[in-house]
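Here's a quick walk through the model shown below. We'll start with the enclosed space, then move out to the packing and the rest of the fold.

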Amino acid sequence: AGMAQGAKAGLDYSKWDSLAVSDDEGEADARHEARPARASPPPDVDEVAHSFIAAQVASALPDVPHDEREALLRFLRVQDPRGGASNMPQCNQIVELLMASPALATKTSLDRTCALTRRMCFGEGGSKAPDELAPILLSAVNTLAACVEHGAINLFAEIATPCGAAAERLRLKYEQKEAGKQYMLQYMGWSADEAGSAYAEEEAGGWWCEVQ
């Protein structure tokens, strides 16, 4: 009996105090219906760009299983920089997703994202892509390249609240998308010399400069 009383004493019922309980279900329903409808928040990503990606991902990555393509689409949406200079404001959501789906933060996933970027930005029909497509894809390449190199948790732990010069340099490198730039140029077969040439400015470098 003493143990039962002790257990009762340890319970905190205060969380129920804020609940207005009514025995009259009709009255409760009427109050609910009288509440003004909340306006839907504005979309925080470019839905046109993401719809374009979703419509073409199967043809761009035909050998990738459906569930893995869907996981990649979720990652592209979560890490979308939303018109900002980088996707750092989404770092918590990015880490949460990568921890839940660790296969995303691998070289295989990185190469798939590069293949998707090559197809959608440079392949047939690339000229029809929405303007915001390149920043979304290249931001994703950069995030995955940096995660593959440093590990997702270690990376964002360092750059979210940088302490010291090394962490500041890493954060700057991430925000300037250096890891993604170097990996994508290598993936495309463009040399460092080409990256500074007139050819690269027109064929390779120009699109990257626009998203930094």
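## The enclosed cavity

The largest cavity is lined by A146, E149, H150, L155, L170, K173, Y174 and A179. Helices α7 and α9 are the elements that put two or more residues into that lining. Sort the lining by class and you get five nonpolar residues, one polar and two charged.

Keep in mind that this is a predicted model. The space inside the largest cavity comes to about 50 Å³. How many cavities of 30 Å³ or more turn up? The count is one.

## An aromatic pair

Searching the whole structure for aromatic pairs gives one hit. The ring centres of F156 and Y174 sit 5.7 Å apart with the planes at 75°, and anything over 60 degrees counts as edge-to-face, so that is the label this pair gets.

The pair ties together distant parts of the chain: F156 belongs to helix α8 and Y174 to helix α9, with their positions 18 residues apart. Are these two residues buried or exposed? Both F156 and Y174 are buried. Y174 also appears in the cavity lining, while F156 shows up again in the core described next.

## The nonpolar core

The largest nonpolar core is made of 48 residues, and the ones with the most contacts inside it are I53, F75, L116, L155 and F156. Eight helices each chip in at least two residues: α3 (47-60), α4 (66-79), α5 (91-100), α6 (107-122), α7 (133-150), α8 (152-160), α9 (165-175) and α10 (178-188). Which helix supplies the largest share? That's α7, with 11 residues.

F75 is a handy place to zoom in. Leaving out residues up to four places away in sequence, F75 touches I94, L97, L98, L104, A140, T143 and L144. F75 falls within the α4 range, I94 within α5 and A140 within α7.

## The second largest pocket

Now for an open site. The second largest pocket has a volume of about 160 Å³. Its lining consists of V64, E68, R69, A71, L72, S101, A103, L104, T106, T108, S109 and R112. Two or more lining residues come from each of α4 and α6, and α4 gives the most, with four residues.

By class, this lining has five nonpolar, four polar and three charged residues. L104, one of the lining residues, is also among the residues that F75 touches.

## A cysteine and a glycine

C121 lies in helix α6. With a relative accessible area of 24%, C121 is partly exposed, since buried would need a value under 20%. C121 and A134 are 13 residues apart in sequence, and their C-alpha atoms are 6.7 Å apart in space.

Over in α10, the buried residues are A179, G180, Y183, M184, L185 and M188. A179 is also one of the residues lining the largest cavity. Just after α10, G189 adopts a positive phi of about 80°.

## The chain overall

Stepping back, the chain has 13 helices and zero strands. Of its 212 residues, 36% count as buried.

What share of the contacts between residues at least 6 apart in sequence joins residues at least 24 apart? For this chain the figure is 68%. The link between F156 and Y174 spans 18 residues.

Note on methods: Residues are numbered from 1 along each chain as its sequence is written. This is a predicted model: local features need pLDDT of at least 70, side-chain atom pairs count only at pLDDT 80 or more; totals for chains, interfaces and linings use all residues. Side-chain values use heavy atoms; hydrogens and water are left out. A nonpolar core is a set of buried Ala, Val, Leu, Ile, Met, Phe, Trp, Tyr and Cys residues joined through side-chain atoms within 4.5 Å. Buried means under 20% relative accessible area, exposed over 50%, partly exposed in between (1.4 Å probe, protein chains only). Contact means heavy atoms within 4.5 Å. On a 1 Å grid over the protein atoms alone, a cavity is a set of points where a 1.4 Å probe fits but cannot get out, and a pocket is an open set with protein on both sides within 12 Å along at least five of seven lines; lining residues have an atom within 4 Å of a point. Grid points are joined across faces, edges and corners, and a volume is the space filled by probe spheres set on the points. Ala, Val, Leu, Ile, Met, Phe, Trp, Tyr, Cys and Pro count as nonpolar, Asp, Glu, Lys and Arg as charged, and the others, Gly among them, as polar. Rings of Phe, Tyr and Trp (its six-membered ring) pair if their centres lie within 6.5 Å; planes under 30 degrees apart count as stacked, over 60 as edge-to-face and the rest as tilted.
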